Amino acid sequence: ERGTKTAKTWNFRAKPRSLKRLRLAGFDALNLANNHVYDYGRQGFLDTLRHVKKAKFTIIGAGKDRAEAEAVHVFSVNGLRLGVLGFTSTHPRQAWAKASRPGVAYSDFDRLALVIGAAKKKCDALVVSLHGGTELAELPNQIQRGFGRLAIDAGADIVIGHHPHKLQPVEVYKGKPILHSI
């Protein structure tokens, strides 16, 4: 409920009590790596982290620093260790976590193989999520394609993309699916 509205076309936020509805709907983990998490600046972002943690959700793709934002979260599903990572390639840049700055996990191609490879060692199957792509585009752009393939090469078992607000093709790369935009 705090923070200064960022100058952009669409700004989103919700009351903290809305988290109860997500819990009732069956969610227990939330991927915060997206282009709206900083709609109300740093204060809004930090409040979001605080409220989501207080509601006992697992936070994916965001944190108090880059290490926390890039951390894999492993869930036990029928005896399978399922790891989940979340990244964004969207702006604003000030939302991208740094070594000592809170924010979201940015899809830095220079770091991806290291982060994804380390995550894969901690789980049986790894889901990697990317919030990126060109809005309203029917086909993935070069960043989406490059990210998906790099993620699979580094150890991801599936890549799930979102952001374009359009369904985009599914690519099978080295026998593994890349859903460019769901």
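Leucine 136 is found in the loop between β7 and α5; helices (H or I, at least four residues) and strands (E, at least two) are DSSP runs, numbered from the N terminus. Phi of leucine 136 is near 70 degrees, a positive value in a residue other than glycine. With a relative accessible area of 56%, leucine 136 is exposed, where exposed means over 50%, buried under 20% and partly exposed in between (1.4 Å probe, protein chains only).

The structure is a predicted model, in which local features need pLDDT of at least 70 and side-chain atom pairs count only at pLDDT 80 or more, while totals for chains, interfaces and linings use all residues. Residues are numbered from 1 along each chain as its sequence is written, and side-chain values use heavy atoms, with hydrogens and water left out.

## Overall form

The protein has 5 helices and 10 strands. Its radius of gyration is 16 Å, which agrees with the value near 16 Å of a compact globule with 182 residues. That radius is taken over C-alpha atoms, and the globule rule is 2.2 Å times the number of residues to the power 0.38. Along the principal axes, the C-alpha atoms fill a box of roughly 45 × 40 × 35 Å.

Of the 182 residues, 44% count as buried. The protein exposes about 10000 Å², and carbon and sulfur atoms supply 56% of this area. Accessible areas come from the Shrake-Rupley method with a 1.4 Å probe; for residues, only the protein chains shown count as cover.

Among contacts with a separation of 6 or more, 65% are between residues 24 or more positions apart. Contact means heavy atoms within 4.5 Å.

The protein has 29 positive and 15 negative charges, and their mean positions are 6 Å apart. Lys and Arg count as positive and Asp and Glu as negative, while His and the chain ends are not counted. The place of a charge is taken as NZ of Lys, CZ of Arg, CG of Asp or CD of Glu.

## Nonpolar cores

A nonpolar core is a set of buried Ala, Val, Leu, Ile, Met, Phe, Trp, Tyr and Cys residues joined through side-chain atoms within 4.5 Å. The largest one has 22 residues, and those with the most contacts inside it are Leu85, Phe87, Ile116, Leu126, Val128 and Phe147. Two or more residues of this core come from each of β5 (80-88), α4 (109-120), β7 (125-131) and α5 (142-154). A second, separate core of 15 residues includes Val37, Phe57, Ile59 and Val104.

Phenylalanine 147 touches Phe87, Ser107, Phe109, Leu112, Val128, Ser129, Leu130 and Val159, not counting residues up to four places away in sequence.

## Individual sites

The table gives the location and relative accessible area of five residues.

| Residue | Location | Relative accessible area |
|---|---|---|
| Arginine 111 | helix α4 | 23%, partly exposed |
| Asparagine 78 | loop between β4 (73-77) and β5 | 83%, exposed |
| Aspartate 157 | loop between α5 and β8 (158-162) | 22%, partly exposed |
| Glycine 61 | loop between β2 (58-60) and β3 (62-63) | 1%, buried |
| Serine 76 | strand β4 | 65%, exposed |

Two entries concern the backbone. Asparagine 78 has a phi near 50 degrees, a positive value in a residue other than glycine. The peptide bond from histidine 91 to proline 92 is cis, with omega near 15 degrees. Proline 92 lies in the loop between β5 and β6 (103-104).

The contacts below leave aside neighbours within four places in sequence. Arginine 111 is in contact with Arg66 and Glu70. Aspartate 157 is in contact with Lys120, Asp124, Ala125, Leu126, Ile152, Lys176 and Pro177. Its C-alpha atom and that of alanine 125 are separated by 6.0 Å, with the two positions 32 residues apart along the chain counted as their separation.

Glycine 61 is in contact with Asn31, Ala33, Ala69, Gly86, Gly103, Val104 and Ala105. Val104 is also one of the residues in the second core. The C-alpha atoms of glycine 61 and proline 177, 116 residues apart along the chain, are separated by 21 Å. Serine 76 and aspartate 124 are 48 residues apart in sequence, and their C-alpha atoms are 9.9 Å apart in space.
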